[in-house]
Amino acid sequence: MKAIIVKRVDSGTPDTEEIQDLARAAGYEIVGEYTQSRKEDAALQVGEGKADEIAAAAVESGAGIVIFDNELGPYQTYNLGQKFPEGTRVIDRFRLILEIFGQRAQTRKAQLQVELAELRYELPRAEAKTSLAKRDERPGFMGLGEYDESREQDIKDQISNIKDELDNIALTEANRRDRRRESGFDLVAMAGYTNAGKSTLMQSLAADLELGQNDELHPDLDKTAEAQDRLFTTLGTTTRKMDMERRDVLLTDTVGFISDLPHWLVESFQSTLDAVYYADLVLLVVDVSEPIEEIRDKLVTCHDTLYERNEAPIVTVLNKIDAVSDDELAEKQEALSALAPNPLAVSGKEQLNLEGLRARIDDELPDWQRERLVLPMTEDTMSVVSWLHDHARVGDVNYANDEVVVDFEARPSIVQQSRAKAGELADADAPSP
């Protein structure tokens, strides 16, 4: 479908690169672009003269949709719908983003989150329809849609039902995270602006999928992480086992951030963002080939999303160093030092400095504890030793004098479990009174 792009700014020169990328990601052909630098018009977003100009262009070009990079209020959408040719859709950047999400949603969770965001977007418009109807102003289909008195309550009921289902999914995933940690896995999440190269980096860091006896813990593991040069390739989460020597690490790729997202849209994807908020470590991936000011703005967006609720340490990863010179990389590291102290510079595509990134991940993850267990030799002892080999780094095992002595390193939770298992063996081996 042919589309016209519109962007208004209060002052300065409007930048339409991102909205163009979003429109193309949704499958639209851009046939016109209109910008304006002025204060917002309460009725039309842009000035009336500019709106008339866009309407004439829509007729001439045959555009079926006009996409505003600005957020449109319900009444602005209605007024524009009345001014533009019959049959022309009018949407803003958030409606466009929701369209892309809807195209990419594959899992039940992703589909529910998209539906929740769409309903939250529609609710104030349904309220506006009610107000217009009470004034006998019936908005047309391409404006706000026909008035339905029960629609507002239907939306609220659907929102409540979807939130309940997403809460149940979130509980299941929280339990899965706990079980993974109890099984000795560290959880690392990748976050960052959309199209920063997270999926490509995941492919380069991932090991094969073999997890042995722990397979049942990981029903969400994917054999491949899709990596394409387009926005929002990853909508939900993709988890792979990392290629690490000293630790068992699960790496999760998440939906990319984007600037100026409203609170309701971020909250709709809360279940997906939990994979970041409750990880043991977050890799904040940045496309270092972009201009410094653009990188800075995107880092601010990411920080705004992460720091309010994130519980884990954050390591900034400057990705795509194959696309910049050493001097440019050094200049950008210096310019971004306040937002990205001590970053790691890598290339997921060319697999540059990935060993340095693995070493940094190992350093930043929670410290493992050293432990020495003395186990009585019973018929269940070898199963405990086998469990330790699966969940810890076993350094030495000695058999002597009806005892088994195991030296190992593990997460604190695993050390606690091992002590409990040793205590159970000792109780079972104790002579009856």
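**Exercise 1. A pair within one helix**

Is D21 buried, partly exposed or exposed? Work this out for D21 and for its salt-bridge partner in this predicted model.

*Solution.*
- Step 1: Take the relative accessible area of D21, which is 34%. Buried means under 20% and exposed over 50%, so D21 is partly exposed.
- Step 2: Find the partner. The side chain of D21 meets that of R24 in a salt bridge, at 4.0 Å from N to O.
- Step 3: Treat R24 likewise. Its relative accessibility is 47%, so R24 counts as partly exposed.
- Step 4: Place the pair. Both residues belong to helix 1 (residues 17-25), and they sit three residues apart, about one turn of the helix.

**Exercise 2. A pair across the sequence**

Find the partner of D186 and describe what the pair joins.

*Solution.*
- Step 1: Recall the principle: side chains of opposite charge can pair when their charged atoms come close.
- Step 2: Look around D186. It forms a salt bridge with R411, and the closest N and O atoms are 2.2 Å apart.
- Step 3: Locate both ends. D186 is in strand 5 (residues 185-192), while R411 is in the loop between strand 13 (403-410) and helix 14 (412-429), so the pair ties together parts 225 residues apart in sequence.
- Step 4: Check the surroundings. Both D186 and R411 are buried.
- Step 5: Widen the view. D186 and R411 belong to a network of salt bridges that also links R181, R247, D280 and D362. Over the whole structure, a search finds 31 salt bridges.

**Exercise 3. From a salt bridge to a sheet**

Start at E371, identify its salt-bridge partner, and then describe the sheet that holds strand 11.

*Solution.*
- Step 1: The side chain of E371 meets that of R419 in a salt bridge of 3.0 Å, N to O.
- Step 2: E371 lies in strand 11 (residues 369-376) and R419 in helix 14, so this pair connects parts 48 residues apart in sequence.
- Step 3: Compare the two ends. E371 is buried, at a relative accessible area of 14%, whereas R419 is partly exposed, at 43%.
- Step 4: Now turn to the sheet. It is open, with three strands in the order 11-13-12 and antiparallel pairing. Strand 11 and strand 12 (393-400) are its edge strands, each pairing on one side only. On average, neighbouring strands are turned by 15° against each other, direction ignored.
- Step 5: Examine one pairing. Strand 11 and strand 13 are joined in the antiparallel sense over eight bridges, and V374 stands opposite V405 of strand 13.
- Step 6: Add the covering helix. Helix 13 (residues 381-391) lies across strands 11, 12 and 13, running at about 15° to strand 13.

**Exercise 4. Two helices crossing**

How do helix 7 and helix 12 cross, and which residues make the contact?

*Solution.*
- Step 1: The axes of helix 7 (residues 198-205) and helix 12 (residues 354-364) come within 11 Å and cross at roughly 85°.
- Step 2: That angle makes helix 7 roughly perpendicular to helix 12.
- Step 3: Helix 7 contributes L201, S204 and L205 to the contact, and helix 12 contributes L354, L357 and R358.

**Exercise 5. The whole protein**

Set these details in the context of the full chain.

*Solution.*
- Step 1: Count the elements: there are 14 helices and 13 strands.
- Step 2: Of the 433 residues, 53% are buried.
- Step 3: Among contacts with a separation of 6 or more, 74% join residues 24 or more positions apart.
- Step 4: The protein exposes about 20300 Å², with carbon and sulfur atoms supplying 43% of it.

Methods:
Residues numbered from 1 in each chain as written. Predicted model: local features only at pLDDT ≥ 70, side-chain atom pairs only at ≥ 80, totals over all residues. Heavy atoms only, no water. Helix = DSSP H or I, 4+ residues; strand = E, 2+ residues; numbered from the N terminus. Buried < 20%, exposed > 50% of the residue type's maximum accessible area, 1.4 Å probe, protein only. Pairing = 2+ DSSP bridges. Axes fitted to C-alpha atoms, helices over the stretch in contact; angles between N-to-C directions. Contact = heavy atoms within 4.5 Å. Areas by Shrake-Rupley, 256 points an atom, 1.4 Å probe, with all protein chains shown as cover. Parallel < 35°, antiparallel > 145°, perpendicular 65-115°, else oblique.
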